[in-house]
Amino acid sequence: MTATEAAAVSEAPAAAAARRLPLVLRNRRFGAVWAAQVLTQAAGRMFQVGAVWWLVGYAAGADRGLASGAFLAVSTLPAVALAPLVAALIARRPHRTVLGVSAAVAGLTALGTAGWTYAATPPMAVTYGAALVLAGCQAVFDPCLTTSVPELVEDADIEAATGFELSTQSLAGLAGGLLGPLVVDAAGLAGIVAGCAGGYLLAAALIGATRFPGVPGTAAADSAAPAADGGGDGTAPAARRPLRRILAELPFIRRVLLCFTAANVFTTAVFVVMPLYTRTVLHADGSTVAALEAALGTGTLVGSFTGSRLPGAPTVVGAGCLGLMAAALGLPGLAGGRIPAVAAMAVAGWCVGVIGVRFVALFQRLVPAEDRPGFFAVMQALLGATFPVSSLVFGLLGDHLPARTLCLVQALGVLPVAAALWWTGRCEPATAPTTTTTATTSAQPIGDPR
């Protein structure tokens with residue numbers, strides 16, 4: 001055995017041990033960007049939930065329903081309205097620059113808002129404007145990070161990196177939703193905005209200190225350019241078909257998407273109804289809002305991990321979950337109290353997680369590979385567009401109807417959609433396979449638009 005071979009043999013155990021470490025520990029570049037993602041996601045969610053509770057509990061008075069609904073609508077509009085612009089920006093600019101600038105702009109905006117809030121009570125328009133800017137920055141940061149994963153990790157680690165990215169989105173949202181109302185009760189709106197500013201600026205610093213070996217202008221990027229442009233052999237890239245043509249050839253998927261779009265109008269209203277319920281029915285403080293957010297997020301995580309194990313066709317499972325979700329959403333309207341509300345949010349979150357896993361996996365199998373990027377992008381925009389509508393409608397209703405009645409309205413709205421989804425599966429048995437796989441995209445067909 002030569003010296004070189006002996007050295008390779010001696011290094012093999014060390015390399016194997018290193019491969020057993022979590023990706024965020026053995027790849028410092030990805031670990032830093034992953035930490036930045038956790039900070040931005042948690043800061044954004046903390047601001048959103050905390051500001052809604054501030055409006056409902058302290059600032060909005062008799063118009064708390066409309067004020068909170070309009071705030072949530074403003075917070076979700078950029079992800080829908082800016083989708084084409086964001087796609088072009090990510091395609092044309094270095095990803096490190098896009099990530100760093102978006103985090104820095106969000107941090108400086110939050111810092112300026114915090115300074116104004118500490119000095120004097122700002123006009124309500126300032127809070128809404130800050131929400132719009134922060135949501136716009138997050139709408140740029142999240143898809144850019146997903147696109148940047150191949151630049152930061154080896155090919156063998158892409159699946160592990162994607163798993164970290166998707167799981168930490170949920171975990172960061174859970175942490176932010178838990179902290180938001182608690183910080184508002186302890187330090188007011190100024191405290192929540194100052195905390196968000198710290199998170200965003202720290203994320204920008206982490207991005208700035210991280211080297212992206214695959215950014216445009218480097219050898220790695222230049223060598224990869226032919227594959228990105230056409231496959232490396234001089235052939236032109238395949239033309240992308242318009243979504244209308246894709247959906248025309250897949251009527252089953254079109255009907256399923258319509259079902260989930262209708263369901264989202266009622267299910268996403270929970271982010272308006274629950275703070276109103278806490279304030280007007282439970283007469284509780286921010287800790288109760290935090291508990292409801294934590295129950296919803298925990299249920300979603302559990303559903304994401306267990307959804308693939310449920311037997312049956314996706315449409316049968318989905319219809320059953322929608323029916324169970326309707327019962328959960330209606331429970332607080334029939335039985336007032338903190339325990340029924342927390343249990344209802346946990347069950348509703350579990351249903352969201354199960355539906356997300358089963359139907360994203362189904363779409364991955366049925367949509368042609370060349371059409372998937374456009375399909376999932378437009379699907380997310382379509383479903384996300386229902387959130388502003390839901391927020392405004394239920395926020396306005398919240399100023400005229402009791403919160404317990406709104407819970408029943410949600411339940412009654414979801415039930416017909418559950419029946420329609422079940423009937424869709426019966427009409428298209430050949431295109432609704434029963435096997436399941438784990439989803440590899442963050443798009444959720446129903447529920448939380450975060």
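# A walk through an all-in-one-chain model

Start by selecting Thr 210, which sits in the loop between helix H8 (158-208) and helix H9 (219-229). Keep in mind as you look around that this is a predicted model. Is Thr 210 buried or exposed? Its relative accessible area is 5%, so Thr 210 is buried. Show its side chain and you'll see that it reaches the backbone oxygen of Leu 206 at 2.6 Å. Now bring up the residues it touches from further off in sequence: leaving aside neighbours within four places, Thr 210 is in contact with Arg 29, Ala 32, Val 33 and Arg 96.

**Zoom out**

Go back to the full chain and colour it by secondary structure. You should find 18 helices and 0 strands. Of the 450 residues in the chain, 48% are buried. Switch on the surface if you like: the chain exposes about 19,600 Å², and carbon and sulfur atoms supply 68% of that. One more number for the overall picture: among contacts with a separation of 6 or more, 86% are between residues 24 or more positions apart.

**Into the core**

Next, select Phe 47, Met 345 and Phe 363. These are the residues with the most contacts inside the largest nonpolar core, which has 83 residues. Which helix gives the most to this core? That's helix H15 (residues 338-366), with 11 residues. Stay on Met 345 and show what surrounds it: without counting neighbours within four places in sequence, Met 345 is in contact with Val 270, Met 274, Leu 292, Ala 295, Leu 296 and Leu 329. Apart from this core lies another one, of 22 residues; to find it, select Val 86, Leu 152, Ile 207 and Phe 212, which are among its members.

**The salt bridge**

How many salt bridges does the structure hold? Just 1. Select Glu 293 and Arg 45 to see it: their closest N and O atoms are 3.1 Å apart. Glu 293 lies in helix H13 and Arg 45 in helix H3 (residues 28-59), so the pair ties together parts that are 248 residues apart in sequence. Both partners are tucked away from the surface by the numbers: Glu 293 counts as buried at 11% relative accessibility, and Arg 45 is buried too, with a relative accessible area of 5%.

**A glutamine in helix H7**

Now click on Gln 138, in helix H7 (residues 124-152). With 12% relative accessibility, Gln 138 counts as buried. Its side chain joins that of Asp 142 through a polar contact of 3.0 Å. Setting aside residues up to four places away in sequence, Gln 138 touches Thr 40, Gln 41, Pro 143 and Tyr 200.

**Out to the surface**

Time for His 283, in the loop between helix H12 (270-282) and helix H13 (286-306). His 283 is exposed, with a relative accessible area of 64%. What about its backbone? Most residues other than glycine have a negative phi. His 283 has a positive phi of about 50°, although it is not a glycine.

For the last stop, select Val 389, Val 393, Leu 397 and Leu 401, which make a nonpolar surface patch of about 280 Å². Pick out Leu 397, placed in helix H17 (residues 386-398). At 31% relative accessibility, Leu 397 counts as partly exposed.

How values were computed. Residues numbered from 1 in each chain as written. Predicted model: local features only at pLDDT ≥ 70, side-chain atom pairs only at ≥ 80, totals over all residues. Heavy atoms only, no water. Core = buried A, V, L, I, M, F, W, Y, C linked by side-chain atoms within 4.5 Å. Buried < 20%, exposed > 50% of the residue type's maximum accessible area, 1.4 Å probe, protein only. Helix = DSSP H or I, 4+ residues; strand = E, 2+ residues; numbered from the N terminus. Contact = heavy atoms within 4.5 Å. Polar contact = N/O pair within 3.5 Å; in protein donor to acceptor, adjacent residues only side chain to side chain. Patch = residues over 30% accessible without salt bridge, like charges linked within 9 Å, V, L, I, M, F, W, Y side chains within 5 Å. Areas by Shrake-Rupley, 256 points an atom, 1.4 Å probe, with all protein chains shown as cover. Salt bridge = Lys/Arg side-chain N within 4 Å of Asp/Glu carboxyl O.
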